[in-house]
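Biologist: I'm new to this one, so please bear with some "how do you know" questions. Can we put it on screen and talk it through?

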Amino acid sequence: MALGGSAGVGAALAVRDALPASPVVRGLSIGERFVPDGASPAAWLAARRDALRARLVRFRHDDAELTATLGEAGVEIDVDATLAAAQRVGHEGPLARRIREARRARRGEIDVPLVWSVDEEKARALLERLAPRIYRVPRDARLDLANRRKIQEQAGRALDVEASLKALQAAARDGYEEEERVELAVQILAPAVVVDDLVSVDVTRLVAAYETKFKRHGNEAGRARNIRNAASKIDGTILAPGETFSFNAHVGPRTRKNGFTIAPEILGDETVPGYGGGTCQVSSTLFAASLFGALETPDRQSHSRPSAYIPMGLDAMVTYPESDLKIRNTLPFPIMIHAYLPSPTVLRVEILGGDPVAEVVHQIDAEHTDDFIRRIYVKSELPPGKVRRHQKGSCGYDVRSYVKLRYKDGRVGERTYTSEYKPAPEVFWVAPDYDPSSLPELPEHAKAVEELQEGEVPADVAAEAQAAPAEAQGDGFSM
């Protein structure tokens, strides 16, 4: 009996030694890493979670690849869930199974995968920030009349945030221990006009046209280049009945990469150099052509001052992406915009596709609102005695346009809209030792003189800058 009792005690001790003595089996691998002897598994996992937040994840679709950290994407190790999975090894099921698992763990034969979690709110916010970098505007098919060829349409794309979030969550289930790539989901944006639609436009028939002139030498060379570039981007555009044209969507950002160069543009009440100066001459010429073609214009803004190349009320100011020109084809047939240079210094925009549907007359009622000032800037970089006129002054006007339409079917219509032009100062740049008598006499409607020393800014400009939030201060608009 004594021998039997000793054998029972020995067997019990053997079982006790075979079973794990702590919540996590000694020697267990978690996420292909062994828990260090003597370390707290929870603290070890938490430190590992914090370190892996800096690991990179690459989001890609076709030619676009964007990089972020796991932390930025809201992806991290779920310490509690991973620890719970590890604690189940050797602690659940029949005794024999528990002993077997504990022995295998000590031999390094069991690995518990990491459990990952995704903070949906954080992940969605990251994807929404990435969306503009994935977006590609659809390009309609168009006719290149100059080279007598058809330009194929191009589908656009937009990031599908919710489907991409699901892809991120699916990748999390597979694990992020190594550098990960997530394939982004996109929605295909179909162009409104495909090549097959091009044959439906009768380009031999003219609805309306408008021309403006420009210079191309000296400091006007940049404007001329920008005019050619912007015109080429809208030339051949086809609008189906009821379709709306967006100037900014077709022309794109006024950047060097997009073919634009530096030329004078309007910022505040003065002209300054900036990319895209001259683009507004294209939008204005297009607006005038569409007006005389009896098309509708749901979005148009006037410049802050009258433009030399077009009558008041017919200009259309554009900036990217804030201020747009939009034109809706209200005609019963498809039309094509033909923007080109019939001569080196003339811009012509034609609306093609059918005969004129109405006789259109544009008249204005202009009210003089304010005179301008002469503004003198003292500039130390000018040679002694130098005086140079930088800008011609112009008065302010409130203009109401009246558009009278007499349709071919006998109907008569009238539209009205307003344009507000603020006074622009006459600006002189002078050397510090300039002789005031060398300035010409004040022109008609110049009401005062303002002299600014080096570094000073006009009082009204300073007040506007102080009142406006920093993000609201943008680039100028092209002239």
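Modeller: Let's start at V282, and keep in mind that this is a predicted model. Leaving aside neighbours within four places in sequence, V282 is in contact with I227, A230, A231, I234, F247 and L347.

Biologist: What makes those residues count as being in contact with V282?

Modeller: Contact here means heavy atoms within 4.5 Å. I227, A230, A231, I234, F247 and L347 are in contact with V282 on that basis.

Biologist: Which residues touch the most other members of the largest nonpolar core?

Modeller: V282 is one of them, together with I234, F245, F247, L286, L325 and I351, in a core of 46 residues. Elements that give two or more residues to this core include helix 7 (221–234), helix 8 (247–251), helix 9 (279–292) and strand 21 (346–352). Helix 9 gives the most, with seven residues.

Biologist: And what else is there besides that core?

Modeller: There's a second, separate core of 43 residues, and I30, L127, L159 and V182 are among its members.

Biologist: Back to helix 9, then. Why is S284 called buried?

Modeller: S284 sits in helix 9. Its relative accessible area is 0%, and buried means under 20%, so S284 is buried.

Biologist: What does S284 touch?

Modeller: Not counting neighbours within four places in sequence, S284 is in contact with H303, Y309, I310, L314, D315 and A316. With A316 there's something extra: a polar atom of the S284 side chain lies 2.8 Å from the backbone nitrogen of A316.

Biologist: Why is Y397 called partly exposed?

Modeller: Y397 has 24% relative accessibility, and the partly exposed range runs between the 20% and 50% cut-offs, so Y397 falls in it. This residue lies in strand 25. Its contacts beyond four places in sequence include P306, M312, H368 and Y421.

Biologist: How far apart are Y397 and E211 in space?

Modeller: They are 24 Å apart, C-alpha to C-alpha, with their positions 186 residues apart in sequence.

Biologist: What about P241: where is it, and why is it called partly exposed?

Modeller: P241 is in the loop between strand 14 (237–239) and strand 15 (244–246). At 44%, P241 is over the 20% limit for buried but not over the 50% needed for exposed, so it counts as partly exposed. P241 touches N329, L331, P332, F333 and P334, leaving out residues up to four places away.

Biologist: How many disulfides are there?

Modeller: Zero, after a search of the whole structure. As for cysteines, C280 has a relative accessible area of 0% and C395 has 7%; both values are under 20%, so C280 and C395 count as buried.

Biologist: Now the whole protein. What makes you say it is more spread out than a compact globule?

Modeller: The protein has 10 helices and 29 strands. For 479 residues the globule rule gives 23 Å, but the radius of gyration is 36 Å, well over that, so the protein is more spread out than a compact globule. Along the principal axes, its C-alpha atoms fill a box of roughly 130 × 65 × 35 Å.

Biologist: What share of the 479 residues is buried?

Modeller: Buried residues make up 44%. The protein exposes about 24900 Å², and carbon and sulfur atoms supply 50% of that.

Notes. Residues are numbered from 1 along each chain as its sequence is written. This is a predicted model: local features need pLDDT of at least 70, side-chain atom pairs count only at pLDDT 80 or more; totals for chains, interfaces and linings use all residues. Side-chain values use heavy atoms; hydrogens and water are left out. A nonpolar core is a set of buried Ala, Val, Leu, Ile, Met, Phe, Trp, Tyr and Cys residues joined through side-chain atoms within 4.5 Å. Buried means under 20% relative accessible area, exposed over 50%, partly exposed in between (1.4 Å probe, protein chains only). Helices (H or I, at least four residues) and strands (E, at least two) are DSSP runs, numbered from the N terminus. A disulfide is a pair of cysteine sulfur atoms within 2.5 Å. The radius of gyration is taken over C-alpha atoms; the globule rule is 2.2 Å times the number of residues to the power 0.38. Accessible areas come from the Shrake-Rupley method with a 1.4 Å probe; for residues, only the protein chains shown count as cover. A polar contact is a pair of N or O atoms within 3.5 Å; within protein, one must be able to donate a hydrogen and the other to accept it, and residues adjacent in sequence count only if both atoms are side-chain atoms.
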